[in-house]
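These notes are meant for a colleague who is opening this entry for the first time. Please read them with the structure in view, taking the points in order.

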Amino acid sequence: MTAPDDRRVVVTGLGVVTPWGVGADVFFDALLHGRSAVARRSVGEPPYAATLLSAACDGFDPAPWLELSRLLTMDRHVQLAAVAALSAAQDAGLDTLPAATRERAAVLWGTGAGGAASNERGYRDLFVRQRPRVSPLSVVLGMQHGAAAHLGLLLGAGGPCLTYALACASASTAIGEALHKLRSGACDVVVAGGSEAAMPFGAVKAWQSLQVLAETGAADDPARACRPFDRRRSGLVPGEGAAALVLERLDHARRRGAPVLAELAGYGASADHHHLTTPLAAGQARALRAALADAGAAADEVGYVNAHGTATLDGDPVEIAALREVFGSAAARLPVSSTKSLHGHLMGAAGAVEAACTVLALQRQVLPPNAGLEEPDPACAGVDHVCGDARDGLHGGLALSSSFAFGGSNAVLAFRRA
Amino acid sequence: MNAPSTLPAIELVRQTLHEQLGLDPASLAPETELAAVGVDSLTLAELLFSLEDRLGTTMADVATLPRSIGDLVALVEPHLTQLAAAAAT
């Protein structure tokens, strides 16, 4: 049964900043055409330098959006967030929002590393350059809720201004919690999403030590290094970017004549309570079922899953096992793709960028492929992997976006076609 | 950029504001209020920090926070004189 309009929450704006530029369409078109942003990049300055395979917003220029005096106080992940949020606000026509509504607008944001790069700059000044002090802006550049705080200022949003830090599930959780806040009437509009800047040197070393980053042979194409669910996958590829969704109740959107891109119909969260880094299918299945139940939907309504699919050796088979557990015999017909093969793993922002991708798939009725998947790993079999070319048509009105984080935090979003 | 000690103080201030905040140097007169060109308490702190870096000194004992370009020039000037004197010896 469909919920009344004052209980349904819809997406009325999308703002996306990715390696392909600012905009939802440029992002989704790149995914549909299998354009990879993954390349070998250098980080840091010798002797504190490393190379890694990553996807980054190399040409990102926030200057047309934000004045320099403000940029000075923003870590790069905040700059990415600000451009995504301003773009989403523009898309949703929030500039005409009455002042009283603005006071009831919220910002719910996710980030994993937050201002890690700014903090590292400060440490480098102190410990490497032996400077006696650091920039007076160090605290505001490094604070974990810098993005949410700046977005509140930029948008004039007077409602709750919250930051979620659950590693790779940060942004999905922010978007899911926004659904609850809107249903409860705690606020009228939410700008929700996430942002993550490219890893600084110290973080690259930490992730390399964990031995989960993708590697390629000298003869291999770096652009195809991220291979979720493939037999030859070797690990994840860090990504960079931001995405923001403008969310509001359907009746509110209708009253102000806002475009409705999709419905955010359900959200499921769970914890594995199993291990810090080894995922558990049962925990992920709980989040998947919770999202479906929250959406009031049956499993056979799902026509697409934008998978977490990071391309780690251990993670991918567990995710497929969770899908098989929830969808049973229907899993074999369930279209699944991980778009991380092209945009990399945006960590705390992954859920936002992939939620945007899921909304666009519903809107345009086309499924983006897992461009890195050529030889499915038998351990990842049992679903309908969308690989090769983009696939026209989305059967069933529902699409899921999954995020499964280190620490065992899981978040699944369910979107319904508008 | 010229070495700081060879620049008039107002040019050093103008250059720093141009590089940090993108302000047009020609628009910055001694009487220009900092607040009017978008310098708030946070960016002022960063600006002073940057000027200290260029001068290789500290202005930690600033008694009154500068409010105009002229105030900044007055803060910087004694340090430039010291630098010039040190360079001459």
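1. In this predicted model, the lining of the second largest pocket draws most heavily on helix 12 of chain A, which contributes three residues. Helix 12 (315–327) and helix 9 of chain A are the elements that give two or more residues to this lining. The second largest pocket has a volume of about 460 Å³, and among the 31 residues that line it, those nearest its centre are T277(A), P279(A), T312(A), G315(A) and F406(A). Sorted by class, the lining of this pocket comprises 16 polar, 11 nonpolar and four charged residues.

2. The largest pocket, for its part, has a volume of about 890 Å³. It is lined by 42 residues, and the closest to its centre are D75(A), A117(A), S118(A), R121(A) and R124(A). Helix 5 of chain A supplies the largest share of this lining, seven residues. Both chains take part: at least two residues each come from strand 3 (38–45), strand 4 (48–55), helix 3, helix 5 (116–128), helix 6 (138–142) and helix 9 (201–210) of chain A, and likewise from helix 2 (41–55) of chain B. By class, the lining of the largest pocket divides into 18 nonpolar, 14 charged and 10 polar residues.

3. How many cavities of 30 Å³ or more does the structure hold? There is one, and the volume of this largest cavity is about 40 Å³. Its lining is made up of D75(A), the run A113(A), G114(A), G115(A), A116(A) and A117(A), and then E196(A), A197(A), A198(A) and P200(A). Six of these lining residues are nonpolar, two are polar and two are charged. A reader may wish to note that D75(A) and A117(A) appear in the lining of the cavity and also among the residues closest to the centre of the largest pocket.

4. The next point concerns the nonpolar interior. In soluble globular proteins, nonpolar side chains tend to be buried together. Here the largest nonpolar core has 76 residues, of which L14(A), I175(A), L247(A) and F415(A) touch the most other members. Helix 14 (residues 350–364) of chain A gives the most to this core, with 10 residues. A second core, separate from it and 32 residues in extent, includes L71(A), L86(A), W109(A) and L151(A). To take one residue as an example, L247(A) touches, beyond four places in sequence, V9(A), V10(A), V11(A), I175(A), A178(A), L182(A), D188(A), V189(A), V190(A), A192(A) and L264(A).

5. Is helix 7 of chain A mostly covered or mostly uncovered? This helix (residues 146–155) is mostly covered, since seven of its 10 residues are buried, namely G146(A), A147(A), A148(A), H150(A), L151(A), G152(A) and L155(A). These buried residues pack against helix 2 (68–71), helix 3 (76–92) and helix 4 (99–102) of chain A, and also against strand 5 (105–110), strand 6 (161–164) and strand 7 (189–196) of that chain. Just after helix 7, G156(A) adopts a positive phi of about 65°. L151(A), buried in this helix, is also one of the members of the second nonpolar core.

6. On the cysteines, the count of disulfides over all chains is zero. C57(A) is in no disulfide, and its nearest cysteine sulfur, that of C357(A), is 16 Å away. C357(A) is likewise in no disulfide, with the sulfur of C226(A) as its nearest, 14 Å away. C57(A) counts as buried because its relative accessibility is 1%, and C357(A) is buried as well, at 0% relative accessible area.

7. W20(A) sits in the loop between strand 1 (9–18) and strand 2 (21–22) of chain A. Although W20(A) and C57(A) are 37 residues apart along the chain, their C-alpha atoms are separated by 7.2 Å. Leaving aside neighbours within four places in sequence, W20(A) is in contact with V26(A), F27(A), A30(A), L31(A), R35(A), S36(A), A37(A), L342(A) and H343(A).

8. A last point concerns R14(B), which lies in helix 1 (residues 9–21) of chain B. Is R14(B) buried or exposed? R14(B) is buried, because its relative accessible area is 19% and the cut-off for burial is under 20%. Not counting residues up to four places away in sequence, R14(B) touches P25(B), L28(B) and A29(B).

Conventions
Residues numbered from 1 in each chain as written. Chains lettered and ligands numbered in written order. Predicted model: local features only at pLDDT ≥ 70, side-chain atom pairs only at ≥ 80, totals over all residues. Heavy atoms only, no water. Disulfide = S-S within 2.5 Å. Buried < 20%, exposed > 50% of the residue type's maximum accessible area, 1.4 Å probe, protein only. Helix = DSSP H or I, 4+ residues; strand = E, 2+ residues; numbered from the N terminus. Contact = heavy atoms within 4.5 Å. 1 Å grid on protein atoms, 1.4 Å probe; cavity = no way out; pocket = protein on both sides within 12 Å on 5 of 7 lines; lining within 4 Å. Points joined across faces, edges and corners; volume = space filled by probe spheres on them. Nonpolar A, V, L, I, M, F, W, Y, C, P; charged D, E, K, R; others polar. Core = buried A, V, L, I, M, F, W, Y, C linked by side-chain atoms within 4.5 Å.
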